[in-house]
Amino acid sequence: MMLGVVFVTRAQVDTAVKKAGNKTAELASKGKSAVVDEVYKDKVGPAGQSPIYIDHSSKYYYVDKKGKKVYVSKASLKDKPKT
């Protein structure tokens, strides 16, 4: 009988763990932001990021792929495209 052996390098495991961790952080941050802060429904970020949130200090931000808040000025926001 022959058994197939799969070799997974530490770098591949580290990459997968980081990717899963980043996605978890992103979803957690977006979930908290949606509950705590107001969503600006008619605007998107400078590069099309969505959704845009407004915090308690009236600052605008979006959550990036790593779960970090990225603050943007109101002038840099664009109108949401009509679909």
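## The loop at S58

S58 sits in the loop that connects β3 to β4 (60-63), where helices (H or I, at least four residues) and strands (E, at least two) are DSSP runs numbered from the N terminus. The model is a predicted one, in which local features need pLDDT of at least 70 and side-chain atom pairs count only at pLDDT 80 or more, while totals for chains, interfaces and linings use all residues. Residues are numbered from 1 along each chain as its sequence is written, and side-chain values use heavy atoms, with hydrogens and water left out.

S58 has a phi near 60 degrees, which is positive although the residue is not glycine. Most residues other than glycine have a negative phi, and most peptide bonds are trans. S58 counts as exposed because its relative accessibility is 53%, given that exposed means over 50% relative accessible area, buried under 20%, and partly exposed in between (1.4 Å probe, protein chains only).

## A cis bond before β3

The peptide bond from S50 to P51 is cis, with omega near -5 degrees. P51 belongs to the loop between β2 (43-44) and β3 (52-54).

## The β4-β5 hairpin and the core

β4 and strand β5 (residues 69-72) run antiparallel and are joined by four bridges, pairing being assigned if DSSP finds at least two bridges between two strands. Y60 has V72 of β5 as its bridge partner, and G67, in this hairpin with five residues between the strands, takes a positive phi near 85 degrees.

Y60 and V72 also belong to the largest nonpolar core, whose six residues further include I52, I54, Y62 and L77; such a core is a set of buried Ala, Val, Leu, Ile, Met, Phe, Trp, Tyr and Cys residues joined through side-chain atoms within 4.5 Å. β3 and β4 are the elements that give two or more residues to this core.

## Helix α1 and the whole chain

Helix α1 (residues 10-36) has 27 residues, and its end C-alpha atoms are 38 Å apart, which agrees with the 39 Å expected at 1.5 Å a residue, the expected span being 1.5 Å times one less than the number of residues. Its buried residues are E26, S29 and S33, and their cover includes β3, β4 and β5.

The chain comprises one helix and six strands. Its radius of gyration is 19 Å, well over the 12 Å that the globule rule gives for 83 residues, so the chain is more spread out than a compact globule; the radius is taken over C-alpha atoms, and the rule is 2.2 Å times the number of residues to the power 0.38. Along its principal axes, the C-alpha trace spans about 65 × 30 × 20 Å.

Definitions and conventions: Contact means heavy atoms within 4.5 Å.
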